Amino acid sequence: MFQPTEGEETWIEKPAGGDRGRSPRSRGPMAVIGAGIAGLAAARSLSRAGLSVVVFDKGRGPGGRTSTRRAEPVSFDHGAQYFTARDERFRAAVATWTEAGLVAPWKGRIATLGSAGSASTSGSVERLVGVPGMNAVAKHLARGLDVRCGVRVAALAERSAAGWVLRSSEGDALGEFAQVLLTVPGPQAAELLPATTPLAATAAAVEMSACSAALLTFDGAWDLPFDGAFVEGRALAWVARNSSKPGRPPGEAWVLHTNPAWSLEHWDDEPSSQIAALLAELERLAGRPAPPVVASDLHRWRYAVATDPLDAGCLVDSQRGLVLAGDWCQGNRVEGAWLSGVAAADRLRGDAVD
């Protein structure tokens with residue numbers, strides 16, 4: 001399940017005696033691979049500092065795992081369900097987003113659902129959501145940036161005097177970049193990185209669990225005593241009445257997230273089979289049948305969450321102009337993704353003026 005900590009930044013530093021002067025890399029543009037919260041936070045910080053940056057993402061729009069899917073007349077936050085804000089820097093950013101109407105508290109009834117029934121969960125945690133969808137913050141961060149979606153970057157294998165030559169998976173030239181920041185999940189970053197960088201082994205060692213998200217629209221309200229629930233079951237980890245979040249369109253829209261073990265066991269099952277099994281499990285645990293299903297869909301997140309996330313901020317190979325960032329570098333949460341992106345931008349700015 002996607003649960004929306006903080007730690008010190010640790011870097012893989014350039015070797016002693018490495019290039020400390022103004023290398024060609026320090027004067028060129030930078031590339032960010034991944035338009036999730038980490039990548040966009042970094043790109044926005046770099047752009048504000050007057051540096052040239054281009055963001056590439058294979059998806060149809062910015063957001064990454066804070067994406068929102070519209071299925072008229074309803075919508076679904078099929079990745080991150082909410083986030084919290086603990087770090088003072090992140091709280092300051094959230095305050096500006098809240099003032100702009102992009103973020104609001106989710107005051108839904110949260111429970112723990114298991115074989116013994118449901119029990120209310122403490123309401124002391126402030127759960128925040130994007131408005132009108134979880135991707136609202138990503139869209140805001142992307143505004144004014146050079147973000148190129150629908151572009152899958154191929155493995156980094158080509159260098160020039162100016163830095164890295166990026167190409168799409170179709171072989172199209174994307175440009176030359178002095179530094180490259182990868183904010184994709186660790187295993188995906190490892191596939192893109194050259195074997196010559198020590199970052200490749202670090203990224204490859206990060207184990208990430210899978211999650212399937214069933215998206216269900218019902219014909220009428222489902223009379224359950226909760227709007228979101230942590231589930232102690234054989235298949236489910238989390239369920240949420242998405243329509244209970246502020247700013248969402250009316251209609252009974254639910255998101256059901258699987259637990260890691262069930263996800264892997266049933267990864268290749270037909271979507272309809274997975275959806276039927278997950279709905280039956282929720283009905284069994286809730287002790288009452290669901291209203292008729294009007295529409296359903298399934299989204300598979302192959303790299304949903306790190307099983308043992310780093311507490312590193314960002315990882316840097318300055319000698320090669322490569323940086324890694326993302327929620328998996330800073331505790332899995334949305335807050336961690338933002339903090340990791342900011343840490344990466346701070347380091348990239350420093351290298352750009354060395």
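Here is a friendly chat between a visitor and a guide about a predicted model.

Visitor: What makes β10 and β11 paired strands?

Guide: Two strands pair if there are at least two bridges between them. Two bridges join β10 to β11, residues 163-167, so the pair meets that cut-off. The two strands run antiparallel, and S160 stands opposite G163 in β11.

Visitor: Why are β10 and β12 said to stand at the edges?

Guide: Look at the order of this open sheet of three strands, β10-β11-β12, with antiparallel pairing. β10 (159-160) and β12 (173-177) each have a single partner strand, so one side of each is left without a neighbour in the sheet.

Visitor: How do you know that β6 and β15 pair, and which way do they run?

Guide: The cut-off is at least two bridges. Four bridges join β6 to β15, residues 228-231, so these strands count as a pair. They run parallel. For one of the bridges, the partner of L113 in β15 is V231.

Visitor: What makes β6 mostly covered?

Guide: A residue is called buried when its relative accessible area is under 20%. In β6, which spans residues 110-114, four of the five residues are buried.

Visitor: Why is the charged end of R159 said to sit over the ring of W164?

Guide: For an Arg, CZ must be within 6 Å of the ring centre and within 35 degrees of the ring normal. The charged end of R159 is 4.3 Å from the centre of the W164 ring, so the distance part is met; being listed as sitting over the ring means that the angle part is met too.

Visitor: Where does the charged end of R127 sit?

Guide: The charged end of R127 sits over the ring of Y82, 5.4 Å from its centre, and that distance is also within the 6 Å cut-off.

Visitor: What makes Y82 part of a cluster?

Guide: Rings pair if their centres lie within 6.5 Å. Ring pairs link Y82, W106, F230 and W238 into a cluster. The whole structure holds 11 aromatic pairs.

Visitor: How many residues in the lining of the second largest pocket are nonpolar, polar and charged?

Guide: The lining divides into six nonpolar, three polar and two charged residues. Arg counts as charged, so R44 and R48, both in the lining, belong to that last group. This pocket has a volume of about 230 Å³.

Visitor: Which helix gives the largest share of that lining?

Guide: The largest share, four residues, comes from α1. The elements giving two or more residues are α1 (37-48), α2 (88-99), α3 (136-142) and α8 (334-352).

Conventions. Residues numbered from 1 in each chain as written. Predicted model: local features only at pLDDT ≥ 70, side-chain atom pairs only at ≥ 80, totals over all residues. Heavy atoms only, no water. Phe/Tyr/Trp six-rings, centres within 6.5 Å; stacked < 30°, edge-to-face > 60°. 1 Å grid on protein atoms, 1.4 Å probe; cavity = no way out; pocket = protein on both sides within 12 Å on 5 of 7 lines; lining within 4 Å. Points joined across faces, edges and corners; volume = space filled by probe spheres on them. Buried < 20%, exposed > 50% of the residue type's maximum accessible area, 1.4 Å probe, protein only.
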